[in-house]
Amino acid sequence: IMNKRILLLIVYSIIAVVAVTAKEPENWSLFKTANVVNYEFDFSTFKIDKVDAKDYIEMTQKIPYEKYKNSTANILAQLANEQLNKLDLKISNDTISDFLLKVKPLTADDDGEHTFLFALYYKPDQTLIEGFEINSNGGDGDSFVEEFLDGLKKTGRKLGKKIANIKETAISLK
């Protein structure tokens, strides 16, 4: 009987945690008026195949690391924006915004699978609206750049859908 009570207590605890974490974040309403989201990337801890990304790119690819970083940022924003057009919302640094998306690539492997960490902020008071992680599979080929690019396209679309969901939910909040 004691084991059943403990098990039941654990199950109820898990249900309570899931119920609490499933509710929409309270800060999403700040995003209701957003139409431009600025972005910044932090590649400082990015590892590719357990090697510092700068070293990996410079040793294995025929492109400068700065070009790789700029291309990664531009492609991610472009593909996210394709998902955001219908909401009159875009990720861009061309216009100053009250919203900032911090992007931190964490890891990638040699076939392009990668994980990025995102944090969406309301800049005036540095309120975190939402933090989330996106993982996209790479391919099974030998070309890191091609496989990473394919995965990056998936990540961009997932990012756009996530931000669109936050915006749509914010609009619907009272």
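Helices, of at least four residues, and strands, of at least two, are DSSP runs numbered from the N terminus. The model described here is predicted. The protein has 174 residues, of which 38% count as buried. Four helices and seven strands make up its elements. The points below cover the layout, the nonpolar core, the open and closed spaces, and several single residues.

**Overall layout**

- Read from the N terminus, the order of elements is α-β-β-β-α-α-β-β-β-β-α.
- Among contacts with a separation of 6 or more, 66% join residues that are 24 or more positions apart.

**Nonpolar core**

- In soluble globular proteins, nonpolar side chains tend to be buried together.
- In this protein, the largest nonpolar core contains 39 residues. Those with the most contacts inside the core are F31, F46, I48, I91, L101, F118 and L159.
- Two or more residues of this core come from each of β1 (36-41), α2 (53-60), α3, β5 (99-108), β6 (114-122), β7 (127-136) and α4.
- With eight residues, α4 is the element that gives the most to the core.
- F118, one of the core residues with the most contacts inside it, can be followed further. Apart from neighbours within four places in sequence, F118 is in contact with L76, L101, K102, V103, E130, G131, F132, I134, T155 and L159.

**Largest pocket**

- The largest pocket holds about 160 Å³ of space.
- Its lining consists of I63, K67, Y68, S71, T72, I75, V145, F148, L149 and L152.
- Helices α3 (65-84) and α4 (144-172) each contribute at least two residues to the pocket lining. The largest share is that of α3, with five residues.
- By residue type, the pocket lining has seven nonpolar residues, two polar ones and one charged one.

**Largest cavity**

- One cavity of 30 Å³ or more is counted. The largest cavity encloses about 40 Å³ of space.
- The residues that line the largest cavity are Y39, F41, A73, L76, A77, I91, L101, V103 and L159.
- At least two lining residues come from each of β1, α3 and β5. The element that gives the most to the cavity lining is α3, with three residues.
- Nine residues of the cavity lining are nonpolar, with no polar and no charged residues.

**Buried residues in strands: Y39 and T115**

- Y39 belongs to strand β1 and is one of the residues lining the largest cavity.
- The relative accessible area of Y39 is 16%, so Y39 is buried, the cut-off for buried being under 20%.
- Outside its neighbours within four places in sequence, Y39 touches A73, N74, A77, I91, S92, N93, L100 and L101. Among these contacts, A73, A77, I91 and L101 also line the largest cavity.
- Y39 and L120 are 81 residues apart along the chain, and their C-alpha atoms are separated by 9.0 Å.
- T115 sits in strand β6. T115 is buried because its relative accessible area is 12%.
- A polar contact of 2.7 Å joins the side chain of T115 to the side chain of N135.
- With neighbours within four places in sequence set aside, T115 is in contact with K104, P105, L106, T107, E133, I134 and N135.

**A partly exposed helix residue: R157**

- R157 is located in helix α4. With a relative accessible area of 32%, R157 is partly exposed.
- Beyond neighbours within four places in sequence, R157 is in contact with L79 and Q83.
- The C-alpha atoms of R157 and N81 are separated by 8.2 Å, while these residues are 76 residues apart along the chain.

**Loop residues with positive phi: K50 and Q126**

- K50 occupies the loop between β2 (47-48) and β3 (51-52). Its phi is positive, near 70 degrees, and K50 is not a glycine.
- K50 has a relative accessible area of 80% and is therefore exposed, given that exposed means over 50%.
- Q126 lies in the loop between β6 and β7. Although Q126 is not a glycine, its phi is positive, at about 55 degrees.
- The relative accessible area of Q126 is 45%, so Q126 is partly exposed.

Notes: Residues numbered from 1 in each chain as written. Heavy atoms only, no water. 1 Å grid on protein atoms, 1.4 Å probe; cavity = no way out; pocket = protein on both sides within 12 Å on 5 of 7 lines; lining within 4 Å. Points joined across faces, edges and corners; volume = space filled by probe spheres on them. Nonpolar A, V, L, I, M, F, W, Y, C, P; charged D, E, K, R; others polar. Core = buried A, V, L, I, M, F, W, Y, C linked by side-chain atoms within 4.5 Å. Buried < 20%, exposed > 50% of the residue type's maximum accessible area, 1.4 Å probe, protein only. Contact = heavy atoms within 4.5 Å. Polar contact = N/O pair within 3.5 Å; in protein donor to acceptor, adjacent residues only side chain to side chain.
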